[in-house]
Amino acid sequence: MESNNNNNNSNNNNNTTQIAHSSSYPLQPTPPPPPPPSSAAATPFHHLLQQQQQQLQMFWSYQRQEIEQANDFKNHQLPLARIKKIMKADEDVRMISAEAPILFAKACELFILELTIRSWLHAEENKRRTLQKNDIAAAITRTDIFDFLVDIVPRDEIKDEAAGLVGGIVGAAAASGVPYYYPPMGQPAGGPHHGGMMIGRPAAVDPTGGVYVQPPSNAWQSVWQGHAATDDVSYGSGASSGHGNLDGQS
Amino acid sequence: MESENQKVISEAEELPRTIVRRVVKEKLSHDGDDMSVHKDALLAFSESARIFIHYLSATANDICKESKRQTINADDVLTALQEIEFSHFLGPLKASLHEFRQKNAGKKAGAAKEKEEKKKRKLEELSHDNGGGERVENEDNQDGTGHA
């Protein structure tokens, strides 16, 4: 009596011949170059930017390879049921196809990975071997597309970078259109914000803030505000206490 | 942990901390050896990921509704990712989706095939029968496929 599984052939035959790369991870932990003492403002930082871009590109192509090689879809890292529950916490969200949570699980994982890399870069720059919350906050600050997190992980401890930089960054980013731009060290934090204390301000829901790129979906706004009304984890109810939203929650 | 905060927070589902931790630690072990993660940072990762899910679902929901549909489908999610400027996720996600669909198609095809074969065998058995009981031998020989 044979016990072969005839019906499940995709697992074993799937895409094993696609990638010939070795399993070594292409993203090297190269520390960013130290900024020269006196130079044009943009040069060292753009170099750092380029390096980060390259690393991220390599990261993403590696991710794709990894997925194409993975043959066991059951090893979902994030539980689909939990993801569904999180999605449904938004009352607006009604029906979800079977495929959607799978995409969300993967997207979530990719998101965590990207946030990890960017946070790690910050820790590296500050020569630390422990990744801290303010590394994550820094990553969020530096990355435009992470703007929706500005109030989730506020920068309450600005130890490593000059406080003046922080206000200047966001103002300059909006003006120049460059994703992240660090003005020269000596420059005071001008612009529409008070010196360095803008982080933690709920720019997300402030339409007059000017520097925040509004999320494209209006539905997002209502989720944001809805949470602010009901949830103790204030996502941006206007009061910037400067205290970490996550303190005391664990 | 303050119990009052706990009461409110527990209304919000969280991602399993051990899994978040694993994802972060594995990535760090690639990027920089012996990088440790502060507990507060792990919380921040978890919370950020949860908000990301909200952000993405709200956007996908919007897109779905614009198309006058009720159910958020895969394309809605992919389009939403582009809208929130996470297009660089699309490659890996499409690969995942493709694989999931293949696997499911394989299962369905296999299940359908198995049904067909069982049917065929039953018919054969019945035609072999001369009015007597079923022949045990035949059953043994022919029932070889695994179960779904």
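# Loops, helices and rings in a two-chain model

Reader: Where does E85(B) lie?

Author: E85(B) lies in the loop between α4 and α5 of chain B. Helices are DSSP runs of H or I with at least four residues, strands are runs of E with at least two, and both are numbered from the N terminus. This is a predicted model, where local features need pLDDT of at least 70 and side-chain atom pairs need 80 or more, while totals for chains, interfaces and linings use all residues. Residues count from 1 along each chain, chains are lettered from A and ligands numbered from 1 in the order written, and side-chain values use heavy atoms without hydrogens and water.

Reader: What makes E85(B) partly exposed?

Author: Its relative accessible area is 48%. Buried means under 20%, exposed means over 50%, and partly exposed is in between, with a 1.4 Å probe and protein chains only. So 48% puts E85(B) in the middle class.

Reader: What is the phi of E85(B) near?

Author: Near 65 degrees, a positive value, and E85(B) isn't a glycine. Most residues other than glycine have a negative phi. K68(B) also has a positive phi, about 60 degrees, without being a glycine.

Reader: And why does K68(B) count as exposed?

Author: K68(B) has 72% relative accessibility, so it goes over the cut-off for exposed. K68(B) is in the loop between α3 and β2 (71-72) of chain B. R69(B) has its place in the loop between α3 and β2 of chain B too, but at 29% R69(B) counts as partly exposed. Leaving out residues up to four places away in sequence, R69(B) touches C64(B) and D76(B), where contact means heavy atoms within 4.5 Å.

Reader: How do you know how α4(B) is oriented to α5(B)?

Author: Start with the axes, which are lines fitted to C-alpha atoms over the stretch in contact, with angles from 0 to 180 degrees between N-to-C directions. Those of helix α4 (residues 74-83) and helix α5 (residues 90-128) of chain B come within 11 Å and cross at roughly 170 degrees. That makes the two helices roughly antiparallel: over 145 degrees earns that name, under 35 is roughly parallel, 65 to 115 is roughly perpendicular, and the rest is oblique.

Reader: Which residues of α4(B) and α5(B) meet?

Author: From α4(B) come A74(B), L78(B), L81(B) and Q82(B), and they meet L90(B), L93(B), K94(B), L97(B) and R101(B) of α5(B). That contact divides into six nonpolar residues, one polar and two charged. Here Ala, Val, Leu, Ile, Met, Phe, Trp, Tyr, Cys and Pro count as nonpolar, Asp, Glu, Lys and Arg as charged, and the others, Gly among them, as polar.

Reader: At what angle do helix α2 and α3(B) pack?

Author: Helix α2 (residues 17-31) of chain B packs on α3(B) at about 105 degrees, with the axes 10 Å apart. The two are therefore roughly perpendicular. R17(B), V20(B), R21(B) and V24(B) meet L42(B), L43(B), F45(B) and S46(B) there. This contact holds five nonpolar, one polar and two charged residues.

Reader: How many aromatic pairs does the structure hold?

Author: Twelve over all chains.

Reader: What makes the pair of F148(A) and F52(B) tilted?

Author: Their ring centres are 6.2 Å apart and their planes stand at 40 degrees, so the pair is tilted. Rings of Phe, Tyr and Trp (its six-membered ring) pair when centres lie within 6.5 Å; under 30 degrees is stacked, over 60 is edge-to-face, and the rest is tilted. The pair crosses between chains, from the loop between α5 (133-142) and α6 (163-176) of chain A to helix α3 (residues 39-66) of chain B. F148(A) and F52(B) are both buried. Ring pairs also link them into a cluster with W60(A), F111(A), F146(A), Y55(B), F86(B) and F89(B).

Reader: What lies over the face of F146(A)?

Author: R118(A), at 5.9 Å from the ring centre. A charge sits over a ring if NZ of Lys or CZ of Arg is within 6 Å of the centre and within 35 degrees of the ring normal.

Reader: What makes α5(A) mostly covered?

Author: Ten of its ten residues are buried, including K133(A), D135(A) and R142(A).

Reader: How many helices and strands does chain A have?

Author: Seven helices and two strands, in the pattern α-α-α-β-α-β-α-α-α. Chain B has six helices and two strands, running α-α-β-α-β-α-α-α. Buried residues make up 50% of the 250 in chain A and 45% of the 148 in chain B.
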